[in-house]
Structures are given as C-alpha cells and as structure tokens.
There are 2 protein chains.
Amino acid sequence: MSTAQTPIPFSRDALEQVLKRRFFFAPSFEIYGGVSGLYDYGPPGCALQANVVDTWRKHFILEEDMLEVDCSMLTPHEVLKTSGHVDKFADWMCRDLKTGEIFRADHLVEEVLEARLKGDKAARGQDVSEVEEDEDKKKRKKKVKEIKNVKLDDEVVKEYETILNQIDGFSGPQLGELITKYNITNPATGGPLEQPVEFNLMFETAIGPSGQLKGYLRPETAQGQFLNFSKLLDFNNEKMPFASASIGKSFRNEISPRAGLLRVREFLMAEIEHYVDPEDKNHPRFDEIKDVKLKFLPKSVQEAGSNELKEVSVGDAVESGMVDNQTLGYFLARIYKFLLKIGVDKNRLRFRQHLSNEMAHYAADCWDAELQTSYGWIECVGCADRSAYDLSVHAARTNEKLVVRKALDAPVTVEKFEVDIEKKKFGPTFRKDAGKVQDWLLARTQCELEDLSKELKDNAKIVFKVDGIEQEVELDETFVKIGKVTRTEHIREFTPNVIEPSFGIGRIIYSIFEHQFWARPEDTDRSVLSLPPLVAPTKVLLVPLSSNAELQPMVKRVTNFLRKEQIPFKVDDSSTSIGKRYSRNDELGTPFGITIDFDSIKDDSVTLRERDSTKQVRGSFEDVIRAIKEITYNGVSWAEGTAKLTPFESQSSE
Amino acid sequence: MSTAQTPIPFSRDALEQVLKRRFFFAPSFEIYGGVSGLYDYGPPGCALQANVVDTWRKHFILEEDMLEVDCSMLTPHEVLKTSGHVDKFADWMCRDLKTGEIFRADHLVEEVLEARLKGDKAARGQDVSEVEEDEDKKKRKKKVKEIKNVKLDDEVVKEYETILNQIDGFSGPQLGELITKYNITNPATGGPLEQPVEFNLMFETAIGPSGQLKGYLRPETAQGQFLNFSKLLDFNNEKMPFASASIGKSFRNEISPRAGLLRVREFLMAEIEHYVDPEDKNHPRFDEIKDVKLKFLPKSVQEAGSNELKEVSVGDAVESGMVDNQTLGYFLARIYKFLLKIGVDKNRLRFRQHLSNEMAHYAADCWDAELQTSYGWIECVGCADRSAYDLSVHAARTNEKLVVRKALDAPVTVEKFEVDIEKKKFGPTFRKDAGKVQDWLLARTQCELEDLSKELKDNAKIVFKVDGIEQEVELDETFVKIGKVTRTEHIREFTPNVIEPSFGIGRIIYSIFEHQFWARPEDTDRSVLSLPPLVAPTKVLLVPLSSNAELQPMVKRVTNFLRKEQIPFKVDDSSTSIGKRYSRNDELGTPFGITIDFDSIKDDSVTLRERDSTKQVRGSFEDVIRAIKEITYNGVSWAEGTAKLTPFESQSSE
C-alpha cells in the first residue's frame with residue numbers, strides 16, 4: 001500500500017533515526033561503545049520479529065507438517081570439518097603489518113577503485129554528486145585518505161569498471177594480484193599491505209574444561225538437522241518426502257561488518273531441509289502454486305551481461321528447465337507468498353539464479369530471493385538444491401547409514417560388486433587395525449570395487465592406504481575376494497537429495513522497513529511504517545478522547561475485551577491531541593486506532609481508524625474489535641472487514 | 001491428574017526410553033559420538049518448548065505489559081568483567097596431572113565420601129541397596145574404583161555426614177583441605193590430584209579478525225537487559241515501575257555435565273528484570289494474588305536443620321517479613337500459577353529461600369522455585385531481589401547515568417558535598433590524562449567526597465590513584481574545592497532496584513515429564529504423558545476407523561476444519577487397531593483423539609476421546625472441535641467443555 005503513497009523521496013537516514021528513536025533496534029553494548037555487527041532488538045523490533053517467526057512457522061511448518069527441531073549452537077570441530085566449513089567458510093583479508101589494521105580484501109579493492117574512478121570523473125569535469133550519500137558510504141570514504149582528482153587513461157577506466165562488475169568472483173590470490181598490479185595500499189596511511197590470507201568466519205571456542213574439544217558457534221542451522229536425519233525419518237514413519245525445519249541464531253565473524261542489520265555477526269535464521277527422492281523431485285502440491293508468476297533473473301540472462309527480469313509462472317519456469325525441478329519451484333512460490341504476507345513490496349523482489357562459479361560444486365541449482373533496498377539488491381532467502389552432499393559426507397565420516405529404504409513395486413535383479421572378507425585372517429595380521437581395514441573395504445563404492453577387483457585379478461593383490469594406519473595395506477585373495485554377483489532386490493536404498501530454503505530473518509525485516517516507510521505529503525516531518533497488521537508489533541492504539549474520569553470505565557471494558565481476544569494493544573491516555581497520539585503510533589506501525597469519546601459511554605460505540613488511509617468507521621466496540629481480528633489474523637480486507645460499520649468523519653483534525 | 005493415577009512406581013529409565021524413542025530430545029551430534037551437556041529437541045520436544053515459551057510470553061509479558069528485548073549472546077569481556085562474571089562465575093576443578101583427567105572438586109569429594117560411607121555400612125552388615133539405582137548414579141559409581149567394605153570409626157562417619165550436608169557451601173581452598181585431609185585421590189587410578197583451581201564457566205571466543213576483542217557467550221540474558229535500561233525507561237515514557245523480559249539461549253561450560261536435561265551447556269532461559277523504586281517495593285496488583293498459598297522453605301527453617309515446609313498465603317509471608325517485599329511476593333505467586341498452568345505437580349513444588357552464604361552480597365532476598373524429581377529438588381526458577389547492584393556497576397564503569405528521575409511532590413532542601421573543578425589548570429598539568437582525573441573526581445560518592453574534603457582541609461592536598469594513570473595524582477585547592485552546599489531539589493534521582501524472576505525452561509520441561517509420566521495399571525507396558533492440552537505438542541490425533549476410501553472425504557473435511565481453527569493435529573490412518581493408535585499417542589502427550597467411523601458419513605458425528613480418563617463423547621465434528629478449542633486454549637474443564645456432547649461407550653477395546 002505504501003508504494004503508491006510515497007511522494008517523498010526515501011531517506012535512509014530518516015528511517016534509521018526512527019528505528020533507533022523508537023527502539024526497534026540499537027547497537028548492542030552501546031554504553032560500552034558497542035561492538036560492530038551486534039544489535040539488540042527493543043520492544044517493537046522484538047515483537048515484529050516474533051510475529052514474523054510465528055507467521056513463518058504457520059506458513060511453512062504447520063501448513064506442510066514439517067518436523068521442527070531445535071539443535072545446539074555449539075558444534076564440535078569434527079562436524080564442521082566434515083561439512084566443509086572449517087576449510088571453506090572464509091573471507092580474504094589483508095593486514096597492514098605496521099598499523100595492525102585489517103581489511104576485507106574484496107571490499108578494499110572495490111573502495112579504492114571506486115574512489116579512483118570518482119577522482120577521474122572529477123578531473124574530467126563530470127558530475128560526481130550522488131543521489132543519496134548515505135552514512136555508510138560516508139564512513140567508508142573517510143578511509144580513502146584523499147580522492148585525488150587524477151585523470152586516468154581510458155583503458156584503465158575500462159579495466160577498473162570490468163573489475164568492479166566481477167568483484168564478487170575473485171579468489172584470494174586473484175585479489176592479491178589486483179592489489180599488487182594497481183598498487184592498492186592502506187587507504188588511510190598509504191602503507192603497504194600483506195597479501196590476502198583466508199580468515200575463517202566461524203567463532204571458535206573450547207568445550208569442556210580440558211580445552212581439548214575444539215568447537216565453533218554454528219554458521220547455519222542446517223548441520224544439526226542433517227545429523228538428526230535418521231531419527232526424523234523414523235519419526236515420520238519412514239514416509240518420504242518430508243522436511244525438517246529449524247529457527248534459531250547462527251553466527252558469522254565478519255571481518256568488518258557494516259550496512260546495519262544487513263551484515264551482522266549474530267543473526268536469526270529459519271531453515272528448511274526438504275528431503276526428496278533424487279529420482280523424483282516432483283512435489284505433490286505443485287499444482288496449487290504453478291500459476292504463481294515470479295520475476296526471475298536466470299543465470300543465462302546474467303551471463304549475457306543483463307539484469308532484465310523474466311516474469312513467468314512457476315509452472316512454465318520448471319517446464320522450460322529454467323528452474324531445475326518442481327520441488328524447487330514449489331518453494332520459490334511459497335517463499336514469494338510468505339514474503340508478501342509479511343510486508344515485502346512485490347515490485348522490489350526478484351529471484352536470482354546463482355551463476356555456476358557462485359554455486360557449491362555439489363549444488364544442482366540455487367536461487368536467491370533478493371530484496372531491493374538502498375544498499376542494492378540483497379540476498380534474503382536462499383533456495384538451493386544441495387543434492388545428496390551433506391548426508392553423504394556425514395555418512396562417510398561416521399559410518400552411519402543416512403539413507404532411505406523404499407520397497408520396490410516389483411523386485412529387480414541387479415548385478416553388483418561385492419566384497420567377501422575372510423575375517424579370521426585380519427585379526428592376527430592387523431591386530432588393532434583389523435577393524436579399520438575391514439571398514440575401509442566395506443565403504444568402497446561400486447566404481448572403486450570394480451577397480452579393486454581388476455587390481456586383485458591383475459596383480460594377485462591390492463595395495464591401499466587407510467586413514468590412521470601408517471603403512472600401506474596389502475591384501476591377497478586369501479584375505480579378500482571381490483567379484484560381481486547377481487542379486488534380486490526388493491528394496492531400493494538411496495541417499496535423499498535436499499532442497500534447502502534458508503531465510504535470514506533480520507535482513508528480511510530490515511528490507512520491510514525500507515519497503516514500508518513513508519511520510520504523508522501534508523506532514524513530511526512524521527513518518528508512517530505500513531507494516532501489515534499480521535506482523536505489526538502492536539495491533540491497536542486505544543485513545544480516550546480525554547483523561548476525564550467518566551471515560552475510565554469504558555476504557556477498562558474495551559481493554560478487557562482486547563485482552564480476552566488476545567490482541568496486542570497499547571493505551572495512550574496522555575493529554576496530547578488525538579491526531580498527535582495517532583501519528584506517534586503510525587511511526588511504530590500500529591495499524592488500528594480506537595477512540596473512546598463521550599458518545600461511547602452512551603451506546604458502546606467507538607471510532608476505528610486505519611493507519612495508512614486514515615479512514616475512520618464507527619460501531620460498537622465489540623464489532624470493531626471483531627473486525628480488527630478478522631483483518632489482522634484472517635487476511636480479510638479493510639473494506640470487507642468493516643462493511644457493517646458506519647463511515648465516520650473525524651471530529652478532530654489530525 | 002496423573003498423581004492420583006500412579007500406582008506403578010516411577011521409573012526414570014522407562015521415561016528416558018520413551019523420551020528418546022519418541023524423539024522429544026536426543027544427545028546432539030549423536031552420530032559423531034555426542035558431546036556431553038548438549039541436546040537437540042526433536043519435533044515433540046520442540047513443539048512442547050514452543051508452547052511453554054508461548055504460555056510464558058502471554059502469562060508474563062502480555063499480561064503485564066513488559067518490554068521484551070532480544071539481545072546479543074556474544075558479549076565483550078568488559079561487560080562481563082563489570083558484572084562480576086569474569087571473576088566469579090566459576091567452579092572448582094582438580095586435575096590428575098598423570099592421566100589428564102579433570103574432576104569437579106565438590107562432586108568428587110561427595111562421590112568418594114558417599115562411597116566410603118557405603119563401604120562402611122556394608123562392613124557393618126547394613127542394607128546398602130538403593131530404592132532406585134539410576135543410570136546416572138551407576139555411571140558415577142563406576143568412577144569410584146572399588147567400594148571397599150571398610151568399617152570407619154564412628155567419629156569419621158559423623159564427619160563425613162556433616163561434610164556431605166554442607167557440600168554446596170565449601171570454597172575451593174576448603175575443598176582442597178578436605179581432599180588432603182581425607183586422602184581423596186583419582187577414584188579410578190588412586191593417583192594424586194592437584195589442589196582445586198577455579199575454572200570459569202563461560203565459553204570464550206574472539207570477536208573480529210584481529211583476535212584482540214575477547215568475548216564470551218552470555219551466561220544469562222540479564223546483562224543485555226541492564227545495558228538497555230535507559231532506552232527502555234525512555235520507551236516506557238519514564239514511567240515506573242516497569243519490567244523488561246528476554247527469552248533466549250545462554251551458555252555454561254560445565255566441567256562434567258550429567259543429569260540429562262537438568263545440567264546442560266546450552267539452555268533456554270526466560271528472564272524478567274522488574275525495576276522498582278528502592279523506597280517503595282509495593283506492587284500495584286499485589287491484592288490479586290495475596291491469598292495464593294505457597295509452600296515455603298524459609299532460611300530460618302533450613303538453618304535449624306529442617307526441611308519442613310510452611311504453607312502460608314503470600315500476603316502473610318510478606319506481612320511477616322519472611323518474604324522481603326510485595327513485588328517479590330507478587331512474582332512468587334505468578335511463578336506458581338505459571339508452573340501449574342504448564343503441568344507442574346503442585347505437590348512437588350516448593351519455594352526455598354537462599355541461605356545468607358548462598359546469596360550474592362548485594363542481593364536483598366532470593367527464593368528458588370524448586371521442583372521435585374528423581375534427581376532430588378531442582379532449582380528451576382530463581383526469584384531474586386538484586387538491589388541496585390547491576391545498574392550501579394555498569395553506570396560506574398561506563399560513566400552513563402542509569403537512573404530514574406522522579407518529580408518530587410514538594411521540593412526538598414538537601415545538604416550535599418560537591419566538587420568544584422578549576423578546569424583550565426588540568427590541561428597544562430595532566431595533558432592527555434586531564435579528562436580522566438576530572439571524571440574520577442566527578443564519579444565520587446557522597447561518603448568519598450566527605451573523606452576527600454577532610455583530607456584537603458587537613459593536608460592542603462589530596463592524593464589518589466586513577467585507573468590508567470601510572471603515578472599518583474596530587475591536587476591542592478587551586479585545582480579543586482570540595483565542600484558542603486545546600487540545594488533545593490525538585491527531582492529525586494535514584495538507581496532502581498531489580499527484582500529478577502529467572503526461568504530455566506529446559507529444567508522445567510524435564511520436571512514436567514517426571515511429574516506427568518505414568519502407566520495405566522491394566523497396561524503397564526504403555527505409558528501416558530499427561531501434558532496439559534495447552535502445552536501438549538499435538539492437540540488432536542485423528543483416527544479414521546479404517547482406511548476405507550469411503551471415509552476419506554470426511555477425513556478431509558475434519559482436517560480442513562482443524563487447520564482453519566489452527567489446532568495442531570496429526571492423522572494416524574495406519575491399519576493398527578484404534579486402541580493401539582491411541583496409546584501410541586498417549587505416550588506423546590496428545591490429549592484428544594477424534595475417531596471417524598461409518599456413522600460419521602451419515603450425520604457428521606465423530607467420537608472424542610480424552611487421554612487421561614479415556615472417556616469418550618460424541619457430537620458433530622464442528623462441536624467437538626469447538627470443545628477442544630475451549631478446553632485447550634481457554635482453560636475450560638473437560639466436563640464443562642463437553643457438557644453438550646453425548647457420552648459414548650467405546651466399540652473397540654483399547
């Protein structure tokens with residue numbers, strides 16, 4: 001609703017002032033000077049967050065019978081080593097050895113080249129003012145000591161521009177080369193920088209008193225869900241497909257967080273792991289959403305250097321192969337519906353496909369729901385097909401089977417390689433390592449067994465290395481036989497694939513703030529936050545016309561009824577004008593106001609005011625509160641919900 | 001309800017088996033061998049926890065308009081240094097230097113002395129079998145290598161018994177003396193142990209890439225609330241008293257966690273910080289609860305060596321001075337009501353007052369709500385009057401005023417000491433330290449100023465140390481004047497006191513499991529978990545009599561209605577008997593069952609079954625579901641809620 005009503009240009013500074021003044025959020029530990037990347041949510045922010053989470057739970061978990069779990073945040077090293085986070089969850093940083101300052105390498109290259117391009121423009125006499133110079137950019141620019149107005153060669157300008165367009169794609173060594181080639185130094189001092197080194201973004205700690213069990217704060221909620229896969233499958237009576245879900249905090253030790261709530265070190269995530277048969281990624285409820293039209297930015301378009309959005313139905317997107325499978329498409333549509341429900345502007349929402357070099361090697365396809373803000377397009381929800389990667393690596397590491405066993409309609413005959421171990425020979429030969437050698441043999445894939453079988457035939461022995469045994473292991477046919485056998489199978493055993501929609505709740509909430517913040521043209525000093533009633537922190541502001549004691553019993557009756565109906569409300573019985581009291585609450589996103597006046601005492605009638613339109617209607621307080629309940633919780637429109645109430649012209653000017 | 005129905009002796013093993021089999025919870029990272037003290041909640045545990053939290057939020061936050069905040073878990077060192085956690089949040093541990101094993105000192109002394117007493121009893125030919133030998137005790141006992149049947153001197157027995165009664169009260173050095181005196185060694189090897197050293201129970205980590213900002217995972221949610229005090233007071237329009245509240249995970253790096261969900265390293269807390277005027281700790285709603293009777297265990301009774309409970313009304317408890325003030329009493333009653341609402345057995349709940357040596361030096365009074373379990377009486381809710389301690393220390397450390405300013409009814413004249421600083425002399429003399437010296441002077445209390453004033457008069461100078469300045473500071477009267485002045489004040493400025501009810505959600509949930517777990521005498525193999533409908537993970541089990549296709553449309557209609565009414569339900573359409581399907585869900589705590597049979601198709605009627613009584617009634621599915629809703633969410637009794645439905649005799653035997 002707000003978009004049509006925004007004649008005033010959006011100001012991020014104005015929004016941030018309101019959010020801080022009304023304590024939606026504030027830097028954590030502010031009286032101690034704060035710690036960057038850490039924020040506290042105050043009462044309205046906290047209520048908004050709780051309502052978003054509650055909506056998420058109903059929209060996804062309850063609607064689709066997902067299995068919610070709540071897993072530990074403290075995670076031992078071994079789990080995150082297996083998942084790949086210990087090795088790969090890192091950013092590149094450069095250190096100035098002299099000052100001790102640390103820079104995130106990609107951000108540094110970006111800032112310096114941008115500053116040089118600006119200096120070039122100025123030198124060429126072009127306009128270098130920006131539409132909106134935000135706080136964040138101002139701060140960053142301070143780092144770049146002086147933007148010298150130096151004209152660059154045309155060729156160099158082109159090179160810089162190309163680099164800036166690809167800045168997210170460089171590896172650490174490549175960034176190092178750029179730093180050397182373009183002589184990028186500490187922007188504040190001009191001092192030289194070390195080559196980029198990897199910095200792991202997980203917070204490390206030690207579990208237990210000996211300090212020997214290294215652990216991390218989880219970087220995502222997903223791993224806890226994967227590790228419980230077998231228990232969840234069992235809980236679901238072995239039925240497939242099914243999904244688990246988790247809502248909780250995760251952590252990321254950003255090198256130098258900025259951009260407010262968009263890049264923080266501790267954040268609330270809501271993640272779904274939907275397990276499917278890799279041979280059948282159709283979704284039983286796909287028909288319900290196939291006609292939903294989304295704005296897609298597929299990788300083919302991006303690779304062609306364009307940002308043009310394709311608006312097609314999810315059905316068509318899956319059919320044409322743009323979106324890999326039905327389940328992925330189903331979730332994209334469900335994500336879209338969820339985001340709209342909680343206040344995202346659909347005109348500032350797009351689904352961008354990951355480029356091949358952005359995606360993890362195991363991922364089959366990945367789409368981000370991106371929301372447009374004053375910081376650009378921000379990834380707020382990821383929706384990836386992670387294939388069988390996670391379950392496979394944990395299974396391999398722990399020797400626990402993380403598989404689904406499915407009865408076949410008809411038995412099938414399969415030929416496969418099998419290992420036949422002469423157990424009693426292993427003990428005397430390998431002693432304490434006997435188990436390890438046997439486990440190694442039993443864990444081989446079909447391809448590996450085929451190779452080993454050939455080796456055994458050709459050389460009359462096989463030689464291999466086993467983790468944890470120093471010497472090579474050598475076995476002949478008296479120890480092991482490897483051959484092809486034919487079996488009739490009644491059961492198909494497979495590792496399910498995982499489709500993972502993953503929500504950054506804080507980023508979504510910040511984007512909604514930007515999408516729903518505006519000011520009335522006639523009163524530009526006061527702003528309005530058009531949060532949907534469903535997620536607004538407080539639903540109703542109750543304003544007695546005056547503090548006259550005569551009105552008190554009526555206030556009490558309305559208050560009791562609101563409480564009984566469990567509608568979050570606030571009373572404002574200050575002596576300020578009604579209009580001012582309302583506008584103070586417009587800023588907090590309170591969608592409805594109820595005025596109690598002297599007529600109320602006579603006939604129980606009250607006035608109901610809607611925040612965005614400032615329309616007013618009148619009726620008995622019970623009817624008014626029922627209308628509020630219908631509009632807030634049952635998705636009924638204002639027109640429909642208030643159809644039986646009487647239109648009302650305000651007596652007091654706002 | 002269950003208590004009266006428990007003819008079968010409670011078995012903790014049986015309960016734990018059910019809880020694990022039905023995935024209420026499980027050790028985290030179990031396929032990696034687990035990490036002690038870390039647990040994951042599976043779907044029913046997670047839903048139960050969410051319902052308990054939701055009930056808490058409504059019972060406390062909504063009912064009393066508390067200001068909920070959500071603060072960072074990562075906390076910089078300085079904050080927790082000020083709060084006292086860096087220095088005092090610790091347990092004592094002993095190390096066996098040879099084996100590297102670590103023991104919690106108090107637990108070790110307790111186990112060894114208990115084992116020796118048992119050996120003594122055996123040597124004396126007394127019965128040493130225990131009523132219930134639980135897993136936990138079995139494990140602990142394994143540690144004690146061999147319980148030698150050695151008779152002890154009568155005197156020694158007495159000494160051991162006295163020590164065991166006071167085991168929670170010993171300091172580390174005292175424990176060290178006991179270890180030396182009684183020759184306590186590593187129970188497994190007999191090897192010598194180091195003297196106890198303090199082990200801080202906070203998980204440490206480094207924030208940011210330089211590793212220089214030391215931080216911890218918060219040990220409680222309280223500090224975040226205190227640091228936001230001024231913003232919250234402002235948000236509350238400066239009105240007092242008011243409360244903030246927070247629900248979130250906290251962390252405690254236990255030396256050797258045991259006792260399942262009762263002692264864990266990561267746990268969910270719900271904490272309230274209620275700010276009051278230290279001169280008026282009355283509570284405006286005290287009258288509403290003053291007649292609630294609680295079972296108290298005051299410190300006077302404990303000090304007399306007794307455990308006898310005093311059952312008196314909260315009103316009497318406050319009037320007699322047993323409970324320090326109305327606000328504390330008010331919260332004890334509210335805590336009581338909350339615990340009963342979510343399923344605590346009131347006969348296994350007591351309020352125990354802290355002994356003087358248990359309480360922090362600043363606390364005015366402190367009561368724990370303790371729940372009786374097979375592990376003994378467990379502290380599940382603490383309710384402390386923390387006086388002005390927290391706000392004072394943070395204010396002193398940060399030089400931020402954390403105070404309330406209250407307009408006085410009539411101005412008062414006060415005499416007080418004031419400092420008069422000759423600012424322009426400080427700069428030249430102290431250079432960069434000038435500000436520090438001035439701040440130090442301005443931060444002195446009245447008493448300190450009185451002393452300084454005397455010192456200045458007597459010696460013509462004052463000499464003092466300022467943190468961060470190496471040399472002593474010396475000032476004469478040309479720098480500073482300190483004297484008594486008379487002022488008329490219109491405002492009273494004070495640091496509020498804090499009453500802090502603090503809930504360990506996991507401990508409460510585990511206690512409810514114990515309080516509500518039982519078995520029907522006629523079917524002891526199957527258990528029942530009598531969770532109140534309000535918090536039960538699933539409210540309704542829907543069971544079609546058979547899988548006959550004819551019943552399907554009816555199942556669909558009932559399902560849709562349940563979903564519309566937002567009642568969590570599950571369908572069990574397996575081919576098992578109705579009775580078996582019900583009893584499987586009794587174990588999950590599902591309070592209601594709806595049976596759809598062939599009569600249902602004719603007239604929309606269904607059978608409703610109650611879990612604990614197995615009573616059945618019949619009516620239209622809409623009436624039945626409305627009854628369920630009333631009973632579950634509006635506190636209506638079964639008799640009242642089903643008054644309009646028809647009693648029904650089961651056709652199928654359970």
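Trainee: Which residues does L531(B) touch, not counting residues up to four places away in sequence?

Mentor: Keep in mind that we're looking at a predicted model. Once those sequence neighbours are set aside, L531(B) touches residues from several stretches of chain B. Going along the chain, they are L48(B), I512(B), Q516(B), A536(B), P537(B), L588(B), G589(B) and R611(B).

Trainee: L588(B) is on that list. What distance separates the C-alpha atoms of L531(B) and L588(B)?

Mentor: Start with the sequence: the two residues are 57 residues apart along the chain. In space, their C-alpha atoms are separated by 8.8 Å.

Trainee: Is L531(B) buried or exposed?

Mentor: First, find its place: L531(B) sits in the loop between β23 (523-529) and β24 (540-544) of chain B. Buried means under 20% relative accessible area. L531(B) has 0% relative accessibility, so it counts as buried.

Trainee: Let's hop over to chain A. Which backbone oxygen does the side chain of R611(A) reach at 2.7 Å?

Mentor: R611(A) lies in the loop between β27 (605-610) and β28 (616-620) of chain A, and it is buried, with a relative accessible area of 0%. A polar atom of its side chain lies 3.4 Å from the backbone oxygen of L529(A). The one at 2.7 Å is the backbone oxygen of L531(A).

Trainee: Which other residues is R611(A) in contact with, leaving aside neighbours within four places in sequence?

Mentor: L529(A) and L531(A) are on the contact list, along with R520(A), V528(A) and S530(A). The rest of the list is D586(A), G589(A), T590(A) and P591(A).

Trainee: How are chain A and chain B related?

Mentor: Try superposing chain A on chain B: a rotation of 180° with 0.1 Å of shift along its axis does it, with an RMSD of 0.2 Å. The two copies are thus related as by a two-fold rotation axis. The same surface serves both copies, since 99% of the contact residues of chain A recur in chain B.

Trainee: Which residue of chain A comes closest to the rotation axis?

Mentor: Look at strand β8 (residues 204-207) of chain A, where the side chains alternate. E204(A) and A206(A) point to one face and are not buried, while T205(A) and I207(A) point to the other and are buried. The residue that comes closest to the axis, at 2.6 Å by its C-alpha, is T205(A).

Trainee: Which residue takes a positive phi in the hairpin of β8(A) and β9(A)?

Mentor: The two strands run antiparallel and are joined by 4 bridges, with I207(A) standing opposite L213(A). Between the strands there are 5 residues. The one with a positive phi, near 85°, is G208(A).

Trainee: What follows helix α15(A)?

Mentor: The helix covers residues 389-398, and its buried residues are Y389(A), D390(A), L391(A), H394(A), A395(A) and T398(A). What covers them includes α3 (77-83), α9 (222-227), α10 (229-235) and β11 (266-276) of chain A. After the helix, with a positive phi near 60°, comes N399(A).

Trainee: Last one: how many ångströms separate the centres of domain 2 and domain 4 of chain A?

Mentor: The domain assignment puts domain 2 at residues 90-200 and domain 4 at 538-647. Domain 1 (12-71 + 218-389) and domain 3 (408-493) are also assigned. Taken over C-alpha atoms, the centres of domains 2 and 4 are separated by 54 Å.

Conventions
Residues are numbered from 1 along each chain as its sequence is written. Chains are lettered from A and ligands numbered from 1 in the order in which they are written. This is a predicted model: local features need pLDDT of at least 70, side-chain atom pairs count only at pLDDT 80 or more; totals for chains, interfaces and linings use all residues. Side-chain values use heavy atoms; hydrogens and water are left out. Domain bounds come from an automatic or database domain assignment. Copies are superposed by least squares on the C-alpha atoms of residues with pLDDT of at least 70 in both. Contact means heavy atoms within 4.5 Å. Buried means under 20% relative accessible area, exposed over 50%, partly exposed in between (1.4 Å probe, protein chains only). A polar contact is a pair of N or O atoms within 3.5 Å; within protein, one must be able to donate a hydrogen and the other to accept it, and residues adjacent in sequence count only if both atoms are side-chain atoms. Two strands pair if DSSP finds at least two bridges between them.
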